[in-house]
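Trainee: I would like to test some labels against their cut-offs. Shall we take them one at a time?

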Amino acid sequence: MTDHYQGFTATAIGKLVVKNLGLPDPTRLERYTAGAPLVDGTIVVGGSGRLAGSLPGVLDTLGIASTAATTDGSTYKGLVFDATGLTDSTQLRALRDFFTPKLRSLTTCPRVVVLGTPPEQVRGAERVAQRALEGFTRSLGKEIGRGGTVQLVYVADGAEAAATSTLAFLLSPKSAYVSGQVIRIGAHGTTAAPEVADWTRPLAGRVTLVTGASRGIGEQIARVLHRDGATVVGVDVPQLADELQALTKELDGDWLALDITGKDAPQRIAHHLKEKHGGVDIVVHNAGITRDKKLANMGEERWDAVIAVNLTAPERITRELLEQQLIRTHGAVVGVASIAGIAGNVGQTNYAASKAGVIGLVDSLADELPDGITINAVAPGFIITQMTAAVPFATREVGQRLNALAQGGLPVDVAETVAWYASPGSSAVNGNVVRVCGQMMLGA
Ligand SMILES: NC(=O)c1ccc[n+]([C@@H]2O[C@H](COP(=O)([O-])OP(=O)(O)OC[C@H]3O[C@@H](n4cnc5c(N)ncnc54)[C@H](O)[C@@H]3O)[C@@H](O)[C@H]2O)c1
């Protein structure tokens, strides 16, 4: 389950072949290690608007060095531009003026974040200018190179103080495989949002349910949430109970072996969380399956199994936990969708329907959840796991290269994104679907 091509490009002969044939040359992405500083270098801040004044202080809280002035010959880890002050299209020129002279002074795996105002919150010329930011950031994401990522964060009026956890995620190596995304931070739950006392363990004291925790992406989600301080309750099918038990034992957590499609599974999960933990703070619907076939050959069993595991079970479990009021104040529900649910995929009508349905679940509940509970989804692209190891070689190679970072992601990349949603500091991040896809070139 390693990326053999990337390994080859790192060899002397590989470098020669890549250069002469003009083949993709993926940069080895930096990833976060526990205890390391969030950002290894200085971030240049610029622009003018609702956030510019507070940005240096916010970054300082996170232990991130920042500067407003660059000096010739120095290198920088990232750029943050406050574009909330742009009120008409002629002012977009400020983007060029800020970014163009600085792009060549960025180190490997640089981070770029543009902050804007949600276009739907403003009118006329200001709306036009704010909407234009999306084309700018998505294009810069495709050309920045060297493992760099670029995001647009729309911060609602009144939610300025709630951007800290999102900046921590997007500026750090935790967002290694997230690029070209548009994230919305709303006023949801900002008033009584809990303070994050320790940014290295934001989930301390929180109970987390992770379905499909025995392996792959689910296992990494369990590990990262544990690293961030959470007590993990893992769920997986009885056939993988040994792996589940070993993992949760290692993480000082708890486990429940059941098939989430079982008739009484939601009630059994609710009962377990109530009796053993008095409730739950974070619910991660990770368990998922594929049963690919073109629709013309799609048997009932393939269709039913995929919809039942990927969509109906998360819906039923969420509903049961809400009805029994077991999700605590400022809790978080996280769905695991897929880029197939956004762009579609040959042979995956069942899977893509189920994953688009997960996005529908986010949409339908985002404005309805009580007590500042949030719901968001991650939509992974090509992530190297046992699920994708089953994909035929040629399709797998193409799938891995057709993104701005020219490589597949790792389960930890999805896990870090889930951890960002789960943080109490993200209580104003609600209703988002963030793709963890290295900015896939095709489809969405
Ligand atoms: N790997 C990728 O590239 C990729 C891309 C997009 C989305 N995803 C999604 O990410 C999630 C995890 O994928 P993965 O690659 O780690 O897959 P995986 O097959 O390695 O792991 C999935 C886990 O879910 C469990 N599971 C399946 N059915 C279950 C059921 N009925 N009850 C309880 N547990 C069940 C499995 O036993 C397994 O442990 C899935 O929802 C998948 O659709 C993965």
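Mentor: Start with contact: two residues are in contact if their C-beta atoms, placed from the backbone, lie within 7 Å. Keep in mind that this is a predicted model.

Trainee: Which residues does Val418 touch, not counting those up to four places away in sequence?

Mentor: Val418 touches Ile221, Val284, Val334 and Val378. Val418 and Val378 are also the residues with the most contacts inside the largest nonpolar core, which has 118 residues. Helix 15 (residues 411-422) gives the most to this core, with 8 residues.

Trainee: Which domains does this core draw on?

Mentor: The core takes at least three residues from each of domain 1 (39-185) and domain 2 (207-436).

Trainee: What makes Leu225 count as buried?

Mentor: Buried requires 20 or more other C-beta atoms within 10 Å. Leu225 has 25 C-beta neighbours inside 10 Å, so Leu225 counts as buried. Leu225 is found in helix 7.

Trainee: What is Leu225 in contact with, leaving aside its neighbours within four places in sequence?

Mentor: The contacts of Leu225 are Leu203, Thr208, Ala230, Val232, Ala419 and Ala422. Take Leu203: 22 residues separate it from Leu225 in sequence, but the C-alpha to C-alpha distance is 7.2 Å.

Trainee: Why is Ala197 called exposed?

Mentor: The cut-off for exposed is 12 or fewer C-beta neighbours within 10 Å. Ala197 has 9 inside 10 Å, and therefore counts as exposed. Ala197 is found in the loop between strand 6 and strand 7 (207-211). Ala197 and Gly186 are 11 residues apart in sequence and 22 Å apart in space, C-alpha to C-alpha.

Trainee: Why is strand 7 said to be largely enclosed by the rest of the structure?

Mentor: Because 5 of the 5 residues of strand 7 are buried. Both faces are covered. Val207, Leu209 and Thr211 are buried on one side, Thr208 and Val210 on the other.

Trainee: How do you know that strand 7 and strand 8 pair?

Mentor: Pairing needs at least two bridges found by DSSP. Strand 7 and strand 8 have 5 bridges, in the parallel sense. Val210 stands opposite Gly234 in strand 8.

Trainee: What makes helix 6 (residues 164-171) mostly covered?

Mentor: In helix 6, 8 of its 8 residues are buried. Among them are Thr164, Phe169 and Leu171.

Trainee: Where else does helix 6 appear?

Mentor: On the side of domain 1 that touches domain 2. Helix 6, helix 5 (124-143) and strand 6 (181-185) are the elements giving two or more residues to that side. Its residues divide into 8 nonpolar, 9 polar and 3 charged.

Trainee: How many residues of the two domains are in contact?

Mentor: 20 residues of domain 1 are in contact with 17 residues of domain 2. The domain centres, taken over C-alpha atoms, are 29 Å apart.

Trainee: Which residues come nearest to the ligand?

Mentor: Gly212, Gly216, Gly288, Ile383 and Met387, out of 28 residues around the ligand. The cut-off for a place in that group is a C-beta atom within 6 Å.

Trainee: Which elements supply at least two residues of that shell?

Mentor: Helix 7 (216-227), strand 8 (231-236) and helix 13 (386-389) each do. By class, the shell has 13 nonpolar, 12 polar and 3 charged residues.

How values were computed: Residues numbered from 1 in each chain as written. Predicted model: local features only at pLDDT ≥ 70, side-chain atom pairs only at ≥ 80, totals over all residues. Core = buried A, V, L, I, M, F, W, Y, C linked by C-beta atoms within 7 Å. Helix = DSSP H or I, 4+ residues; strand = E, 2+ residues; numbered from the N terminus. Domains from an automatic or database assignment. Nonpolar A, V, L, I, M, F, W, Y, C, P; charged D, E, K, R; others polar.
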